[in-house]
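Let's take a walk through this one together, starting with the whole chain and then stopping at a few residues along the way. Keep the viewer open as you read.

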Amino acid sequence: MKLVFIGPPGAGKGTQAKIVSMKYNIQHISTGDKLRENIKNGTLIGKKAESYTSKGELVPDEIILDMIKDILNDNSCKTNGFLLDGFPRNLNQKEELDKLLKKMNMPIDKVIVIDVPEKELVERLLLRAEKEGRKDDTKEVIENRLRIYNESTKPIIDSYKKDNLVHFINGLGSVEEISKKIFDEIS
Ligand code: B4P
């Protein structure tokens with residue numbers, strides 16, 4: 001199975017992506033996690049990415065696309081499938097992904113969009129800031145991330161709608177309730 005998860009920051013896409021990828025034994029590919037790992041390890045990618053992530057800006061497409069190409073070429077993605085969490089994030093990334101998957105003959109099966117009202121998103125991320133201290137969870141940066149989601153990421157939902165792949169999930173409720181809704185939609 002090949003899935004894409006889309007949602008604004010704080011919608012719970014990372015939370016649900018972990019649960020769904022475990023259940024279906026597919027590779028969980030989170031560009032956000034990969035970038036944070038690179039930043040923590042002080043790699044060249046991490047050094048370049050940090051100036052963007054700390055402001056809530058999107059990291060340049062070349063960096064993200066190189067990372068994704070390497071991961072998708074992994075054998076487990078080809079045999080078991082994958083779940084893309086936080087990628088694609090703008091129309092150019094989606095077009096490049098379409099080209100890549102066409103070449104690899106691995107079409108996307110479903111796109112899950114998790115919807116949550118903005119007020120709740122801000123509350124969740126501020127709560128996470130208290131617990132985990134992520135640098136991009138300050139009020140100002142959260143507002144920038146939401147603006148970028150509305151401007152750059154939302155248009156890819158319309159593009160996937162044309163391919164009849166989109167399923168909307170209401171992201172309000174307990175983590176378990178939302179997982180159940182996603183499982184029902186997938187199977
Ligand atoms: P991401 O890591 O993708 O961060 P995110 O949008 O905040 O989502 P995340 O997965 O962490 O949060 P979730 O909604 O699960 O990206 C971080 C940054 O990396 C971006 O701003 C950008 O700079 C860069 N980046 C990543 N991908 C990129 C790309 N493709 N191109 C360019 N740049 C890129 O959860 C949020 C919180 O809500 C958690 O604390 C969770 O516990 C809580 N939560 C989850 N479900 C809940 C529920 N049902 N009820 C209450 N709380 C819940």
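**The overall picture**

A compact globule of 187 residues would have a radius of gyration near 16 Å, and the chain comes in at 16 Å, so the two agree. Bear in mind that what you're looking at is a predicted model. Along its principal axes, the C-alpha trace spans about 40 × 40 × 30 Å.

As for what the chain is built from, there are nine helices and five strands. Reading from the N terminus, they come in the order β-α-β-α-α-α-α-β-α-β-α-α-β-α. Of the contacts between residues at least 6 apart in sequence, 74% link residues at least 24 apart.

How much of the chain is buried? By residue count, 47% of the 187 residues fall in that class. On the outside, the chain exposes about 10,000 Å², and carbon and sulfur atoms supply 50% of that area. The charges are worth a look too: you'll find 32 positive and 31 negative side chains, with the centres of the two sets 2 Å apart.

**A helix with two faces**

Now zoom in on helix α3, residues 44-53, where the buried residues are G46, A49 and T53. Look down the axis of α3 and these fall within an arc of 75 degrees, so they line one face of the helix. Turn to the face pointing away from that buried side and you meet the exposed residues L44 and K47. What covers the buried residues of α3? Part of the cover is α2, residues 31-41.

Helix α2 is also home to T31. With a relative accessibility of 5%, T31 is buried, because the cut-off for that is under 20%. Beyond its neighbours within four places in sequence, T31 touches I64, M67, I68, D85, G86 and F87.

That last contact, F87, brings us to a spot worth a pause: F87 and P88 are joined by a cis peptide bond, with omega at about 0 degrees. P88 itself sits in the loop between β3 (82-85) and α6.

**Along α6 and past its end**

Follow the chain into helix α6, residues 91-104, and you'll come to L101. Is L101 buried or exposed? Its relative accessible area is 5%, which makes L101 buried. Setting aside neighbours within four places in sequence, L101 makes contact with L72, F82, M106 and I108. For a sense of distance, L101 and K154 are 53 residues apart in sequence, and their C-alpha atoms are 21 Å apart.

The loop between α6 and β4 (110-115) holds N105. N105 isn't a glycine, yet its phi is positive, near 55 degrees. It is exposed as well, at 67% relative accessible area. Another asparagine to check is N164, in the loop between α8 (139-162) and β5 (166-170). N164 has a positive phi of about 60 degrees, and its relative accessibility of 69% puts it among the exposed residues.

**A stop in α7**

Finally, find R128 in helix α7, residues 118-132. R128 is partly exposed, with a relative accessible area of 23%. Which residues does R128 contact, other than its neighbours within four places in sequence? They are G133, R134, D137 and R145. Measuring C-alpha to C-alpha, R128 lies 35 Å from M106, with 22 residues of sequence separation between the two.

How values were computed:
Residues are numbered from 1 along each chain as its sequence is written. This is a predicted model: local features need pLDDT of at least 70, side-chain atom pairs count only at pLDDT 80 or more; totals for chains, interfaces and linings use all residues. Side-chain values use heavy atoms; hydrogens and water are left out. Helices (H or I, at least four residues) and strands (E, at least two) are DSSP runs, numbered from the N terminus. The radius of gyration is taken over C-alpha atoms; the globule rule is 2.2 Å times the number of residues to the power 0.38. Buried means under 20% relative accessible area, exposed over 50%, partly exposed in between (1.4 Å probe, protein chains only). Contact means heavy atoms within 4.5 Å. Accessible areas come from the Shrake-Rupley method with a 1.4 Å probe; for residues, only the protein chains shown count as cover. Lys and Arg count as positive and Asp and Glu as negative; His and the chain ends are not counted. The place of a charge is taken as NZ of Lys, CZ of Arg, CG of Asp or CD of Glu. The arc is that of the directions from the helix axis to the C-beta atoms.
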